Amino acid sequence: MKELRLDQLEVIEDIESDLSFRIENDLDIYRLSLTNKKLSRENIARKRLEFSSCYFEKITFECIDENSLSFVDCVFKNCDFSNYTFNDSTIVRCNFIECKFVGTSFHLSLLKECKVDNCVLRYAVFDHTKVNGTVFKHNDFTQAYMQDVEFVKTTFTEDKFEETTFLHTKLKGIDFTTCTIEGIIADPYDVKGMIINMHQAASLVGLLGVVVKY
């Protein structure tokens, strides 16, 4: 993604009035810096909203599930998306650093060439989501649910997938050797070709209905 220089961004103090003005006048939401604010249904009232080259820090996203959002070349730091719904949204070349996605839904959305680092995605739902060229590191996907997800050139490093469900989601060729995968729920067809280490193999044996005696 393009490097964002904070000193070159416009700092937004009154997010509600500023966004309302831009939406009403069909202005671009571009190169803005938003900190310690809330984004809610009241200040995002258009079906399709596009943010480009913006910086978000300590922003709480609330109740915008009827909107399709687009984020391109944005940075999110310590933001809270818990129980938020990305509905048919596009997220391209964005960085997410230490953000919360507890119970967040990525329904029919696209994550392309993003970086997700040290985020909490417990109970997150990836439903018919496309994940392309995205790098995940040190994230917690405990009890997350992934159905009909299409992974392309996606990497996971030291991520936690305890009791995570993969349904109709092919994991062939994806390297999980540095990740925790205890108790994952998946169809044997979906885990075929998944790259794991010897220690992790014991965690997947149960998916085949096999009992191992020691």
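**Briefing: core, cavity and two loop residues**

Leaving aside residues up to four places away in sequence, Phe 56 is in contact (heavy atoms within 4.5 Å) with Leu 34, Leu 39, Phe 51, Phe 61, Phe 71, Cys 74, Val 75, Phe 76, Lys 77 and Cys 79. This is a predicted model, in which local features need pLDDT of at least 70 and side-chain atom pairs count only at pLDDT 80 or more, while totals for chains, interfaces and linings use all residues. Residues are numbered from 1 along each chain as its sequence is written, and side-chain values use heavy atoms, with hydrogens and water left out.

**Chain overview**
- The protein chain holds 3 helices and 23 strands, taken as DSSP runs numbered from the N terminus (helices: H or I, at least four residues; strands: E, at least two).
- Of the 214 residues in the protein chain, 42% are buried, that is, under 20% relative accessible area with a 1.4 Å probe and protein chains only; exposed is over 50%, and partly exposed lies in between.
- Contacts between residues at least 6 apart in sequence include 9% that join residues at least 24 apart.
- About 11,000 Å² of the protein chain is exposed, and 50% of that comes from carbon and sulfur atoms; accessible areas come from the Shrake-Rupley method with a 1.4 Å probe, and for residues only the protein chains shown count as cover.

**Nonpolar core**
- The largest nonpolar core (buried Ala, Val, Leu, Ile, Met, Phe, Trp, Tyr and Cys residues joined through side-chain atoms within 4.5 Å) has 55 residues, and Phe 56, Phe 61, Phe 71, Phe 76, Phe 81, Phe 96 and Phe 161 have the most contacts inside it.
- At least two residues of this core come from each of helix H1 (15–24), strand E3 (32–35), strand E5 (48–52) and strand E8 (68–72).
- H1 gives the largest share of this core, 3 residues.

**Loop residues with positive phi**
- Asn 36 is not a glycine, yet has a positive phi of about 55 degrees.
- Asn 36 sits in the loop between E3 and strand E4 (38–39), and counts as exposed at 54% relative accessibility.
- Glu 158, also not a glycine, has a positive phi of about 55 degrees.
- The loop between strand E21 (155–157) and strand E22 (165–167) contains Glu 158, which is partly exposed with a relative accessible area of 47%.
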